[in-house]
Amino acid sequence: MAQKEEAAAAAAAAAPASQNGEDLEDLEDPEKLKELIELPPFEIVTGERLPVNFFKFQFRNVEYSSGRNKTFLCYVVEAQSKGGQVQATRGYLEDEHAAAHAEEAFFNTILPACDPALRYNVTWYVSSSPCASCADRIVRTLGKSKNLRLLILVGRLFMWEEPDVRAALRKLKEAGCRLRIMKPQDFEYVWQNFVEQEGEAKAFEPWEDIQENFLYYEEKLADILK
């Protein structure tokens, strides 16, 4: 009995807020707490292409991102060799259970394979912008990795009204990280290059408010970074 109480207390202490800014359900609910305790260990999911339903839900650039508490990060890493030849690799990262974020996973799993003697242009297509903690990690990494240039394209702005998040985004700009909102053409690029295609490839079908929401977030980001 004591072990269960200790596990419950540990789970409650470790439980983070969801990435869309909504708190987890009341931890006093026995069923919710049981689900939290029984979650399998945190893992980073990697791959070349993500499922269609994940893309359509997680990348949709809605204003209120209810239920979208994961980070999906599609990346392109271009290495410039001494002879001028460019080699590119791509894939995607998905975080699980909000225990850590995909941005952190990129630096822990993808970046170590890069040759420090080469120059790298890295592009991220991310479902939502980095939280303050991930932004700090990006700033530190860029400060140490002078051979790395990073462009981040985001579908939505994460908790953009929070002062610490706004300050973190400005720090990204100051550190040389280029940050912009995904245009409809960017969503189409992700669809063509990072989403599973069953049988004959289907054309990207923009959702009704994709352009309107892009303009909404573009205005918000410009206000933050000015």
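A contact is a pair of residues with heavy atoms within 4.5 Å of each other. Among contacts in the protein chain between residues at least 6 apart in sequence, 76% join residues at least 24 apart. The structure is a predicted model, in which local features need pLDDT of at least 70 and side-chain atom pairs count only at pLDDT 80 or more, while totals for chains, interfaces and linings use all residues. Residues are numbered from 1 along each chain as its sequence is written, and side-chain values use heavy atoms, with hydrogens and water left out.

**Overall architecture**

The protein chain holds eight helices and six strands. These elements are DSSP runs numbered from the N terminus, helices being H or I with at least four residues and strands being E with at least two. Their order from the N terminus is α-α-β-α-β-β-α-β-α-β-α-β-α-α. Of the 226 residues, 43% count as buried. Here buried means under 20% relative accessible area, exposed means over 50%, and partly exposed lies in between, with a 1.4 Å probe and protein chains only.

**Helices H6 and H8**

The expected span of a helix is 1.5 Å times one less than its number of residues. The table sets out the two helices described here.

| Helix | Number of residues | Distance between end C-alpha atoms | Expected span | Arc of buried residues |
|---|---|---|---|---|
| H6 | 12 residues | 17 Å | 16 Å | 160 degrees |
| H8 | 16 residues | 22 Å | 22 Å | 105 degrees |

Helix H6 covers residues 163-174, and its reach is close to the expected value. Its buried residues are Val 165, Arg 166, Ala 168, Leu 169 and Leu 172. Seen down the axis of H6, these residues fall within an arc of 160 degrees, so they line one face of the helix. The arc is that of the directions from the helix axis to the C-beta atoms. On the face turned away from the buried side are the exposed residues Pro 163 and Glu 174. The cover over the buried residues of H6 includes helix H5 (132-144), strand S6 (178-181) and helix H8 (210-225). After H6 comes Gly 176, which has a positive phi near 95 degrees.

In helix H8, the end-to-end distance agrees with the expected span. The buried residues of H8 are Ile 210, Asn 213, Phe 214, Tyr 217, Leu 221, Ile 224 and Leu 225. They cover an arc of only 105 degrees around the axis, which puts them on the same side of H8. Glu 212 and Glu 219 are exposed on the face turned away from that buried side. The buried residues of H8 pack against strand S5 (148-156), H6, S6 and H7.

**Individual residues**

Glu 103 is located in helix H4 (residues 102-110). Glu 103 is buried yet has no salt bridge, and the nearest side chain of opposite charge, Arg 137, is 10 Å away. A salt bridge is a side-chain nitrogen of Lys or Arg within 4 Å of a carboxyl oxygen of Asp or Glu. For charge, Lys and Arg count as positive and Asp and Glu as negative, whereas His and the chain ends are not counted. Leaving aside residues up to four places away in sequence, Glu 103 touches several residues, among them Thr 71, Leu 73, Trp 124 and Cys 134.

With a disulfide taken as a pair of cysteine sulfur atoms within 2.5 Å, the count comes to zero. Cys 74 is buried, with a relative accessible area of 0%, and Cys 177 is buried at 4%.

Gln 192 lies in helix H7 (residues 184-194) and counts as partly exposed at 46% relative accessibility. Gln 192 and Arg 49 are 143 residues apart in sequence, with their C-alpha atoms 9.7 Å apart in space.
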